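Visitor: I would like a close look at one helix in this chain and at what surrounds it. Please take me there, then show me the setting.

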Amino acid sequence: MTKNPPRVIRLHPSDNLAVALEDIGKDAQLAEFGLNTRDQIPRGHKLALNDLAIGDPVRRYGQLIGVATAAIAAGGHVHSHNLGMGDHRQDYAFGADCSPLPVATGERSFMGFHRSDGKVGTRNYLGILTSVNCSGSVARFIAEAAERSGLLADFPNVDGVVPIVHGTGCGMSGDNEGYTALFRTIAGYAQNPNFGGILLVGLGCEVMQIPDLVGKGRMRADGNFRYMTIQQTGGTRRTIDRGLAVLKDMAQIANQAARAPAPVSHLTVALQCGGSDGYSGITANPALGHASDLLVRHGGTTILAETPEIYGAEHLLTRRAVSADVGQKLVDRIRWWEEYTKRNGGEMDNNPSPGNKKGGLTTILEKSLGAVAKGGTAPLAGVYEYAEPITATGFVYMDSPGYDPCSVTGQIASGANLVVFTTGRGSVSGYKPAPCIKLATNSEMFARMAEDMDLNCGDIVSEGVSVEAKGQELFELLIRIASGERTKSEELGFGGAEFVPWQIGAVM
């Protein structure tokens with residue numbers, strides 16, 4: 001029996017490379033391209049389709065991903081040993097490709113928790129927020145005591161108690177961008193529609209003062225908000241006892257909310273990726289992009305983030321900006337990151353991780369082009385700073401690091417009530433109060449980590465499923481999860497350790 005030829009894919013007619021869809025040995029014949037491989041090509045990695053000289057541009061997705069740093073023969077392995085960044089300047093052309101999507105016909109709805117400020121939650125948690133690391137353990141003690149006591153047994157509409165603890169809040173300036181970002185993050189979590197009530201716990205002497213948060217943050221419109229400091233309350237045990245009493249009162253109010261129909265325009269979805277591989281930009285990310293477009297067409301909002309992971313592909317977003325001001329805001333954040341990494345002794349091309357590279361990604365340009373695919377084709381309606389409240393509807397951008405938990409933390413603070421996370425290497429995490437839907441980029445990893453993955457997008461390659469069909473499947477899953485169906489990360493209990501505010505500036 002004749003063995004089927006190795007499978008490779010050329011993603012755009014102008015590409016001078018192809019991506020291996022399985023492990024390919026040396027001297028394997030690629031009849032469709034009229035060449036033999038000169039090296040072993042691991043699955044997800046790239047091979048040259050023609051001879052490349054030093055300095056020649058290398059293209060994937062029809063876009064520049066770098067230049068050859070050594071001569072590469074046709075059929076040769078293209079990776080970190082012979083591909084580098086080069087000059088990647090692009091034409092930002094603000095708004096040149098901005099084309100509104102057609103409005104969807106027929107209103108779709110989900111079953112959500114309606115809040116007094118007009119927002120709708122997909123979950124109904126009680127949150128114990130902390131102003132400083134020093135109150136983190138006590139916040140956890142209160143949550144653990146609530147669980148042991150069975151406090152929520154009489155409140156079936158409350159999903160649980162979530163302690164939101166972190167490693168900052170003191171040892172910092174009280175008047176810089178780091179303080180401002182943390183303030184926005186804590187205030188944003190307090191106002192997230194997936195919380196039915198908030199207890200804010202501080203130590204008392206920290207830089208991030210409770211009175212400032214309460215006075216300036218306008219924490220909740222519904223009034224289901226309480227606060228205390230450990231020092232004023234009288235220590236650990238008294239704070240736990242008081243916290244339990246407060247939670248019981250808050251649970252009575254939160255339990256009055258019940259799921260009711262709401263248009264999907266009330267969904268705000270954080271678009272994320274982590275542990276990316278060579279399949280990410282072929283399968284899961286484009287499928288998520290299609291689902292993002294579907295939600296935007298229904299009046300919903302999607303948030304792309306991770307600025308170091310769009311670097312080199314930002315022109316694809318600026319060209320979709322609804323105005324020059326929106327496009328310039330994104331460019332300003334890119335310039336800030338170039339200066340930020342420089343002053344901290346880094347560089348933007350440091351971003352692809354060892355796991356990314358093992359999976360086939362080489363430069364940040366290549367990774368970024370795949371990452372941007374999560375944002376679909378909708379116009380870029382707004383650009384926001386980290387944890388800044390999202391006021392526009394449609395597809396928007398929020399500045400953040402590429403570090404996944406830190407980025408998602410900002411998106412939830414900005415208002416996301418759902419998270420969709422694509423992964424090729426395999427990622428395990430959750431982000432209470434927002435349910436996190438995990439998409440596998442390849443079928444092999446999906447089978448290996450099926451207990452952690454919600455949807456396999458690898459069948460786009462293995463079974464020929466279209467990106468559009470997978471995007472539609474994801475859109476339907478979004479509605480079910482928003483209506484109360486639990487994700488794999490929720491079933492496993494994730495979400496209590498992934499609150500990671502962005503620490504900017506000196507720790508003093």
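Guide: Here is the helix first, then the cores, the whole chain and some local spots.

The model is predicted. The part to look at is helix α11, residues 404–413. Of its 10 residues, 10 are buried, so the helix is largely enclosed by the rest of the structure. The cut-off behind that word is a relative accessible area under 20%. Take the helix in order. Asp404, Pro405, Cys406, Ser407 and Val408 are buried. Thr409, Gly410, Gln411, Ile412 and Ala413 are buried too. That list holds an Asp, a Gln, a Ser and a Thr alongside Val, Ile and Ala.

What covers α11? The cover of its buried residues includes helix α2 and four strands, β17, β18, β20 and β21. In sequence, β17 is 268–273 and β18 is 301–304. Strand β20 spans 394–398, and β21 spans 418–423. Just after the helix comes Gly415, with a positive phi of about 125°.

Follow α2 from there. This helix runs over residues 177–190. It gives the most to the largest nonpolar core, with eight residues. That core holds 104 residues. Within the core, Leu317, Leu439 and Leu474 touch the most other members. Look at Leu317. Beyond four places in sequence, Leu317 touches Leu304, Ile310, Leu330 and Val372. Leu380, Phe395 and Tyr397 are also among its contacts. Two elements that cover α11 come up again here: Leu304 falls within the range of β18, and Phe395 and Tyr397 fall within that of β20. Another core lies apart from this one. This other core has 25 residues, among them Val132, Val165, Met250 and Ala251.

Now step back to the whole chain. It has 15 helices and 23 strands. Buried residues make up 58% of its 508 residues. A compact globule with 508 residues would have a radius of gyration near 23 Å; the chain has 24 Å, which agrees. Along its principal axes, the C-alpha trace spans about 75 × 50 × 40 Å. Consider contacts with a separation of 6 or more. Residues 24 or more positions apart account for 71% of them. The chain exposes about 20,000 Å², and carbon and sulfur atoms supply 49% of that area. There are 46 positive and 53 negative side chains. The centres of the two sets lie 3 Å apart.

Next, the backbone beyond α11. Strand β21, part of the cover of α11, is followed by a loop that leads to β22 (436–440). Pro433 lies in that loop. The peptide bond from Lys432 to Pro433 is cis, with omega near 15°. Most peptide bonds are trans, and most residues other than glycine have a negative phi. Two residues elsewhere depart from that phi pattern. Asp27 is not a glycine, yet its phi is positive, about 65°. Asp27 sits in the loop between β2 (17–20) and β3 (29–30). At 54% relative accessibility, Asp27 counts as exposed. Tyr61 has a positive phi too, near 60°. Its place is the loop between β6 (57–60) and β7 (63–68).

Three further residues fill in the setting. His77 is in strand β8, residues 77–78. With 13% relative accessibility, His77 counts as buried. Its contacts beyond four places in sequence are Asp39, Gln40, Ile41, Pro42, His45, Lys46, Ile72 and Asn82. His77 and Cys98 are 21 residues apart in sequence, but 37 Å apart in space, C-alpha to C-alpha.

Ala96 shows another pairing. This residue is in the loop between β9 (83–84) and β10 (109–114). Ala96 is partly exposed, with a relative accessible area of 48%. Ala96 and Val322 are 226 residues apart in sequence, and 9.4 Å apart in space, C-alpha to C-alpha.

Gly167 brings us back to α2. It lies in the loop between β13 (160–164) and that helix. At 56% relative accessibility, Gly167 counts as exposed. Leaving aside neighbours within four places in sequence, Gly167 is in contact with Asn133 and Gln503. Between Gly167 and Arg486 the separation is 319 residues in sequence and 29 Å in space, C-alpha to C-alpha.

Notes
Residues are numbered from 1 along each chain as its sequence is written. This is a predicted model: local features need pLDDT of at least 70, side-chain atom pairs count only at pLDDT 80 or more; totals for chains, interfaces and linings use all residues. Side-chain values use heavy atoms; hydrogens and water are left out. The radius of gyration is taken over C-alpha atoms; the globule rule is 2.2 Å times the number of residues to the power 0.38. Buried means under 20% relative accessible area, exposed over 50%, partly exposed in between (1.4 Å probe, protein chains only). Contact means heavy atoms within 4.5 Å. Accessible areas come from the Shrake-Rupley method with a 1.4 Å probe; for residues, only the protein chains shown count as cover. Lys and Arg count as positive and Asp and Glu as negative; His and the chain ends are not counted. The place of a charge is taken as NZ of Lys, CZ of Arg, CG of Asp or CD of Glu. A nonpolar core is a set of buried Ala, Val, Leu, Ile, Met, Phe, Trp, Tyr and Cys residues joined through side-chain atoms within 4.5 Å.
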